Number of protein chains: 2
Amino acid sequence: MSKFWNQTTKNLQPYVPGEQPRDRKYIKLNTNENPYPPSLKVAESIKKAIGETLRLYPDPTGMELRQTIAQYYDLEVEQIFLGNGSDEVLAFAFMTFFDPEKPILFPNITYSFYKVYASLFQLNYHLIPLDEQFSIPVELFNRENGGIIIPNPNAPTGKCLDIQSIRRILEKNQNSVVIIDEAYIDFGGQSVIPLIKDYPNLLVIQTLSKSRSLAGLRVGFALGQDELIQGLDRVKNSINSYTLDRLALAGATAAIQDEAYFQETRKKIIATRERISADLVDMGFQVIPSQANFIFISHPRYQADLLFQQLREKGILVRYFNAPQIDNYLRVSIGSDEEMTCFLQAVQEIIG
Amino acid sequence: MSKFWNQTTKNLQPYVPGEQPRDRKYIKLNTNENPYPPSLKVAESIKKAIGETLRLYPDPTGMELRQTIAQYYDLEVEQIFLGNGSDEVLAFAFMTFFDPEKPILFPNITYSFYKVYASLFQLNYHLIPLDEQFSIPVELFNRENGGIIIPNPNAPTGKCLDIQSIRRILEKNQNSVVIIDEAYIDFGGQSVIPLIKDYPNLLVIQTLSKSRSLAGLRVGFALGQDELIQGLDRVKNSINSYTLDRLALAGATAAIQDEAYFQETRKKIIATRERISADLVDMGFQVIPSQANFIFISHPRYQADLLFQQLREKGILVRYFNAPQIDNYLRVSIGSDEEMTCFLQAVQEIIG
């Protein structure tokens, strides 16, 4: 602690992302990155944006990328907000909409960044407990709140809520903004984007880091009715007028446009996930049914933290969360078929 | 206003950057961009970073770029904080250090984003009035405060404080963080970076948008003793673990390394500034002595807002601020020699 930090800074417990080690080469199944490279069109598009114009500020409105996203999802440009990864979009959304006078609601097992945002922006929160199967009990969101956030699929469980359940939450909370964090939606879940036209309180957040293979480019976006997007713009324009650089804008636009490649890679990941899940079940694991590019697994006879360590020694990184209810689970990102075969072999060697 | 915005969002008056029009081709002297393209090594370095690895998150610590900056300024890696442009770094610094219980201090004529940050983070501020020559009265900073921020050179005036004056402010405010915003320091001012070793309360913020010709890449940084940098890291890691993408990190590193090109272009801009300033004085303008890549000018017989409009009609964009004490001034970025000759001709035609 430093005397120069203000009280909020002193109280923070920052988010800790999955490790990005540089000491040796690992099979990285710990940060839900996509095993497939981005579309070749991304590189072409970025190359065109390199050059003399880098001396000029980017378009602060990101118009071309917003037009591309609007067309893709059959929305209006005014319904699209861009940010430096979905984490920045989430932070801005917490700042813009959530009411510090009332508790905000999110699941007790969820993306651990939400608690960090709440602490930074001095928001109270009330945790909605998942049931034993890690399902989200929809009716528990019927209580006074200053805002709601739910990842769909949830992380780190990979479990999805159906669209009717989310509609019920939206109906019961018409004075609160309900954020659905769809970072992993492209791997099998059903997006609630079609509900935007009916619910002015719905904000959907997505990212290009997962299903578009662009974690290294930092692009995320929010979708919602104009009023919500205008609010996000106010906050963004009170922090940083240009959050996306020229190269990120160019690359992201190309990624959204290459639908064929997107479909091909996401389907490969889904197929790999289903194959690996079945193999792990055969090996005695409990595998939570996942609609994400990761699986959440537990073994009745083998402690998760031990397995985590032993996999690490074999050069395979997965994610372990030392937290109640999930401390005997591992989150394993879906890598390429070769990577997952190595993973299965390593697990087999460890558990015997 | 929307019922979904929280009270802070409703109260915001966001920053308005200089316009980036797309309706016709302008000579852009309105956003202090560099007229010269970035170093050719920037493009080379970015091209190497495009490809398969874009699927992976960037290094959240930005180690290579921080090592390059540390070496350049003879500092330690632990004394460097990176951000998405110096605006983001400024926002994080306001959040990290400034005390909402006491007024923060900054000049009454200065970078207009500071008031916006104060409003967003609910900080009180007390404005230090500049004298009639737009000089900053150092002794007025001797009062209780929750933090101090001063741009050096100041914007939009271009005027510099000498290092001894800043040292006096640091001495008198040893319990407050004093931020020196050196966005424009490379155009003739004397940096206070050498004071960092003596003053744990000093944070220096710089950007690659101006003197490194990389406004389109969004890279800024802060320099200070470890405790300050650790505080910034806490806040950043509570918002967005990866604020710089792989391409920005690669390009910025190459830009810092190309010292010869940096010296060549900054000296050209300084030479152009001096020539244009002299010509404008000959034409009857008052030109505030500038150490930045812009000049702040006023004409005794010609209203600034009118001149602004007429220059715009002639395809030349400059910046006009409709604010007390400066509403008869124009801020004119220093473009290339050709651009500035066009500017002078246009001014001559208008004022006759």
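# Two chains, one axis: a chat about a predicted model

Reader: How many residues of chain A are in contact with chain B?

Author: In this predicted model, 68 residues of chain A are in contact with 68 residues of chain B. A pair gets counted when the C-beta atoms, placed from the backbone, lie within 7 Å.

Reader: Which elements give two or more residues to the side of chain A that touches chain B?

Author: They are helix 2 (40-49), helix 4 (85-97), helix 5 (113-120), helix 7 (226-236) and helix 8 (246-257) of chain A. Helix 4 of chain A supplies the largest share of that side, with six residues. Sorted by class, the side of chain A that touches chain B has 33 nonpolar, 21 polar and 14 charged residues.

Reader: What makes the relation between the chains that of a two-fold axis?

Author: Start with the general picture: two copies of a chain are related by a rotation about an axis and a shift along it. Here the rotation is 180° and the shift along its axis is 0.0 Å, and chain A superposes on chain B with an RMSD of 0.0 Å. That is the relation of a two-fold axis.

Reader: And how do you know that the same surface serves both copies?

Author: Just look at the contact residues of chain A: 100% of them recur in chain B. So each copy uses the same surface, given that a contact means C-beta atoms within 7 Å.

Reader: On to domains. What are the two domains of chain A?

Author: Domain 1 takes 7-37 + 260-351, and domain 2 takes 40-258. Their C-alpha centres lie 24 Å apart. The contact takes 32 residues from domain 1 of chain A and 25 residues from domain 2 of chain A.

Reader: Which element gives the most to the side of domain 1 of chain A that touches domain 2 of chain A?

Author: Helix 9 of chain A does, with seven residues. Among the elements giving two or more residues to that side are also helix 1 (7-11) and strand 10 of chain A. By class, that side of domain 1 of chain A divides into 18 nonpolar, ten polar and four charged residues.

Reader: What makes strand 9 and strand 12 of chain A the edge strands?

Author: Each pairs on one side only. The open sheet has four strands in the order 9-10-13-12 (chain A), with antiparallel pairing, and strand 9 (286-287) and strand 12 (319-320) of chain A are its edges.

Reader: How do you know that strand 9 of chain A pairs with strand 10 of chain A?

Author: Count the bridges. Pairing asks for at least two bridges, and strand 9 of chain A and strand 10 (residues 294-298) of chain A have two, in the antiparallel sense. In strand 10 of chain A, Ser298(A) is the bridge partner of Gln286(A). Helix 9 (residues 259-282) of chain A packs on the sheet and touches strand 9 and strand 10 of chain A. The direction of helix 9 makes about 5° with that of strand 10 of chain A.

Reader: What joins strand 12 of chain B to strand 13 of chain B?

Author: Two bridges join strand 12 of chain B to strand 13 (residues 330-333) of chain B, and the strands run antiparallel. Pairing needs at least two bridges, so this couple qualifies. Arg319(B) stands opposite Arg331(B) in strand 13 of chain B.

Reader: Why are helix 4 and helix 7 of chain A called roughly perpendicular?

Author: Their axes come within 9 Å and cross at roughly 105°. Angles of 65 to 115 degrees count as roughly perpendicular, so helix 4 of chain A and helix 7 of chain A get that label. Helix 4 of chain A brings Phe92(A), Ala93(A), Met95(A), Thr96(A) and Phe97(A) to the contact, while helix 7 of chain A brings Gly231(A), Leu232(A), Val235(A) and Lys236(A). Those residues divide into six nonpolar, two polar and one charged.

Reader: Last stop, the backbone. Which peptide bond is cis, with omega near -5°?

Author: The one from Asn152(A) to Pro153(A). Pro153(A) lies in the loop between strand 5 (148-151) and helix 6 (163-172) of chain A. In chain B, the bond from Ala155(B) to Pro156(B) is cis, with omega near 0°.

Reader: And what makes the phi of Phe134(A) worth a mention?

Author: Most residues other than glycine have a negative phi. Phe134(A) is not glycine, yet its phi is positive, near 65°. Phe134(A) lies in the loop between strand 4 (125-128) and strand 5 of chain A.

Definitions and conventions: Residues numbered from 1 in each chain as written. Chains lettered and ligands numbered in written order. Predicted model: local features only at pLDDT ≥ 70, side-chain atom pairs only at ≥ 80, totals over all residues. Contact = placed C-beta atoms within 7 Å. Nonpolar A, V, L, I, M, F, W, Y, C, P; charged D, E, K, R; others polar. Least-squares fit on C-alpha atoms with pLDDT ≥ 70 in both. Axes fitted to C-alpha atoms, helices over the stretch in contact; angles between N-to-C directions. Domains from an automatic or database assignment. Parallel < 35°, antiparallel > 145°, perpendicular 65-115°, else oblique.
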